[in-house]
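Colleague: I have a chain to look through and would like a quick walk through its fold. Can you put it up?

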Amino acid sequence: MEKKGFTLVELIVVIGIIVILATILITALNPNELLKRGRDTRRMNDLAALSRAITMYLSDVEVPFIGTCTNAYVSRPGVSPGNLPSGFSIVSSTSRAINGTGWIPINFTLITGGSPISMLPADPAGAGYYVYGCTNTPSMQFELNARLESSRYMNNASNTNDGGNSEGIYEVGTNLNILPDYNLNW
Ligand SMILES: [Ca+2]
């Protein structure tokens, strides 16, 4: 008599093969690494956009104010002191306002034609944060810091690649020696 359907053993073998293939696929795709890459891409874009906006502000506004440069500005309050640049007063806020009251105290709305950014960026990881520093001597310069976390992009934070002074930190700006070599851990 012809056999119809699968036997139990055949089913178990098929299910076993599916489980093995699914495991291989998930390992290859590594969803955790993909999420980290997504956040890193956003961090690099955030800092690039912010850097362009500050540069535009400096070239456009007649009497610019880029912050009190003895401060280091942080996009998240409550960060452990050991994970912040030393030698600066730490000023932190979650406000993303672009009118000078946000975590970066620059009034981007003064730019002719309006601000190129609609809000200040914040790190896409819940525990993450960005750091902003400035100097007025000899001229107004700034630095922005973020931590990268994916295997693919982490090397972008090396000083060889970003030109900065802190190996583990992704540094962007017009003077990457404003903020010291520190550990931006979270
Ligand atoms: Ca660096």
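**Sheet, helices and core**

Modeller: Strand 4 and strand 5 pair in the antiparallel sense over four bridges. Two strands count as paired if DSSP finds at least two bridges between them. Strands, like helices, are DSSP runs numbered from the N terminus (E and at least two residues for strands, H or I and at least four residues for helices).

Colleague: Before going on, what sort of model is this, and how are residues numbered?

Modeller: This is a predicted model: local features need pLDDT of at least 70, side-chain atom pairs count only at pLDDT 80 or more, and totals for chains, interfaces and linings use all residues. Residues are numbered from 1 along each chain as its sequence is written.

Colleague: Fine. Which residue is the bridge partner of N145 in strand 5?

Modeller: E171.

Colleague: And what is the strand order of the sheet?

Modeller: The order is 2-1-3-4-5, in an open sheet of five strands with mixed pairing. Strand 2 and strand 5 are at the edges with a single partner strand each, so one side of each has no neighbour in the sheet. From one strand to the next the twist averages 25°; angles here run from 0 to 180 degrees between N-to-C directions, with axes as lines fitted to C-alpha atoms, for helices over the stretch in contact.

Colleague: Which way do strand 1 and strand 2 pair, parallel or antiparallel?

Modeller: Parallel, over four bridges, with strand 2 covering residues 89-92. N71 has S89 as its bridge partner in strand 2. On the other pairing, strand 1 and strand 3 are antiparallel over two bridges, and Y73 stands opposite Y132 in strand 3.

Colleague: How many bridges between strand 3 and strand 4?

Modeller: Five, in the antiparallel sense. The two form a hairpin with five residues between them, and G133 stands opposite E143 in strand 4.

Colleague: How many residues of strand 3 are buried?

Modeller: Four of its five, so strand 3 is mostly covered. Buried means 20 or more other C-beta atoms within 10 Å of the residue's own, exposed means 12 or fewer, and partly exposed is in between, with C-beta atoms placed from the backbone.

Colleague: Where does A125 sit?

Modeller: In the loop between strand 2 and strand 3. A125 counts as partly exposed because it has 16 C-beta neighbours inside 10 Å. Its C-alpha atom is separated by 14 Å from that of V74, 51 residues apart along the chain.

Colleague: Switching to helices. What is the reach of helix 1?

Modeller: Helix 1 (residues 8-29) has 22 residues and reaches 32 Å from first C-alpha to last, close to the 32 Å expected at 1.5 Å a residue. The expected span is 1.5 Å times one less than the number of residues. The number of buried residues in helix 1 is zero, so it lies largely in the open. Just after helix 1, N30 takes a positive phi of about 45°.

Colleague: And which residues of helix 2 are buried?

Modeller: D40, R43, D46, L47, L50, A53, I54 and Y57. An α-helix has 3.6 residues a turn, so residues three or four places apart point the same way. Strand 4 and strand 5 are among what covers the buried residues of helix 2. Helix 2 lies across both strands and runs at about 170° to strand 4.

Colleague: What about the core: which residues have the most contacts inside it?

Modeller: I54, Y73, V131, Y132 and L144, in the largest nonpolar core, which has 33 residues. Such a core is a set of buried Ala, Val, Leu, Ile, Met, Phe, Trp, Tyr and Cys residues joined through C-beta atoms within 7 Å. Helix 2 (31-60), strand 1 (71-74), strand 3 (131-135), strand 4 (141-146) and strand 5 (170-173) each supply at least two of its residues. Helix 2 gives the most, with five.

Colleague: What does I54 touch?

Modeller: I66, I106 and F142, not counting residues up to four places away in sequence. Contact means C-beta atoms, placed from the backbone, within 7 Å.

Colleague: Last one. In what order do the elements run along the chain?

Modeller: α-α-β-β-β-β-α-β from the N terminus on. The radius of gyration is 23 Å, well over the 16 Å that the globule rule gives for 186 residues, so the chain is more spread out than a compact globule. That radius is taken over C-alpha atoms, and the rule is 2.2 Å times the number of residues to the power 0.38. The C-alpha trace spans about 95 × 35 × 30 Å along its principal axes.

Conventions. Contact = placed C-beta atoms within 7 Å.
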